[in-house]
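Trainee: Before I rely on any labels for this model, I would like to go through the reasoning behind them with you. Could we take them one at a time?

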Amino acid sequence: MAVRIRSPLRWVPLALLLAATAVLSGCLGMGEGPQTTIVPFSDHAQRIQDLYVLVFWMAAGVFVVVEAALVYATLRYRRRPDDVLPPQVHGNTRLEVAWTIAPAVVLFVIAIPTIQAIFAAATPPGSDGLEIVVTGHQWWWELEYPDAQVVTANEVHIPVGRPISFTLKSADVIHSFWVPRLGGKMDVVPGHTNHLYLTAYQAGTYLGQCVEFCGLQHANMKLRLIAHTPEEFDAWVQSQQAPPSQAAGKAQEGAQVFARSACVGCHTVAGTPAQGKIGPNLTHVGSRTSLAGAVLDNTPENLARWLRDPQEVKPGNQMPNLHLSDVDIEALVAYLESLK
Ligand code: CUA
């Protein structure tokens, strides 16, 4: 008699399949990603997460009931050798009423908290709210704090525990504003103002990005949201309201290069003749952690690379190659990094 040897290796394909499924579905390290949507850090994200959990468990319950009935029916009523044709029936009022009412109840249970969450998300904060005007540009974010008269770019600073009212506008095409750990995305539409309200729970840096295709560099239209304690936030506002520090030495040379170059046509540095509005406001660019739509970390090397040829970094973006000399680039880097 042939004896079949069962090697433990026969499980390898199954193990590989399960591993591939886990990796491809993003189930490993669940909730640890910088842009996870399932670990909420704001009231807005919490509302969405609560709905998600409710719907998940309702769906899981439906799945178990349906699969159990299916497996039972398959085994219990499978065809046997001596079977004759069973009685043929048409319709069953009691069953049909039951399977109409049961899903209606499920949908009703989901609808009530969903409608509550929609209304809660659409309720603007009271007088304690902080308004931030977000304007989408190809391909960067302009951020204005109207009460504090502060304008910055690509890095949203907010205080924790205070309701934020984002007013969302576009300067050109449709974008979409999304910081996943703080909640749902909201479209940014030219000629139409949208609103997004949230209160962050916890200080930290949260990554976000544009989530509506807006042209060649859509994928490189990122942002960083920095949630501070209220004291830290007040200090940040004051630092942004202060005039930029006086340039000296190499930075002074850079200020002159800046003033005589095309830079001033597009960028603003408060307290100087540079009042352009096409590109990001650079008044305190040295205090930011990132450059170029939060694509590059703000280091002198990256800034020099950007100034040397912006089109090499983000092809198609609005900043032209000014063909600056290495000496001018070095001076400009010193100047811009000094703008704290
Ligand atoms: Cu802006 Cu995509």
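Trainee: Why is lysine 250 called partly exposed?

Mentor: This is a predicted model, and in it lysine 250 has a relative accessible area of 36%. Buried means under 20% and exposed means over 50%, with partly exposed in between, so lysine 250, at 36%, is partly exposed.

Trainee: What makes the contact between lysine 250 and glutamate 330 a salt bridge?

Mentor: The closest N and O atoms of lysine 250 and glutamate 330 are 3.7 Å apart, and the definition asks for a side-chain nitrogen of Lys or Arg within 4 Å of a carboxyl oxygen of Asp or Glu, so the pair qualifies. Lysine 250 lies in helix α5 (residues 250-260) and glutamate 330 in helix α9 (residues 326-338), so the salt bridge ties together parts that are 80 residues apart in sequence. Glutamate 330 is partly exposed, with a relative accessible area of 48%.

Trainee: How do you know that aspartate 326 and arginine 308 form a salt bridge?

Mentor: Their closest N and O atoms are 3.9 Å apart, and the cut-off is within 4 Å, so this pair is also a salt bridge. It links aspartate 326 in helix α9 with arginine 308 in helix α7 (residues 300-308), 18 residues apart. Aspartate 326 has 56% relative accessibility and therefore counts as exposed, whereas arginine 308, with 44%, is partly exposed.

Trainee: Why is arginine 224 called buried or exposed, and what is its salt-bridge partner?

Mentor: Arginine 224 has 16% relative accessibility and so counts as buried, the limit being under 20%. The partner is aspartate 297, which meets arginine 224 at 2.9 Å, N to O. Aspartate 297 lies in strand β12 (residues 296-297) and arginine 224 in strand β10, so the pair ties together parts that are 73 residues apart in sequence. Aspartate 297, at 44%, counts as partly exposed. The structure holds five salt bridges, and these three are among them.

Trainee: What makes β4 and β7 edge strands?

Mentor: They belong to an open sheet of five strands in the order β4-β10-β9-β6-β7, with mixed pairing, and β4 (155-159) and β7 (186-188) each pair on one side only.

Trainee: How do you know that β6 and β9 pair?

Mentor: Two bridges join strand β6 (residues 175-178) to strand β9 (residues 204-210), which run antiparallel; pairing requires at least two bridges, so these strands pair. Phenylalanine 177 has cysteine 210 in β9 as its bridge partner.

Key: Residues numbered from 1 in each chain as written. Predicted model: local features only at pLDDT ≥ 70, side-chain atom pairs only at ≥ 80, totals over all residues. Heavy atoms only, no water. Helix = DSSP H or I, 4+ residues; strand = E, 2+ residues; numbered from the N terminus. Buried < 20%, exposed > 50% of the residue type's maximum accessible area, 1.4 Å probe, protein only.
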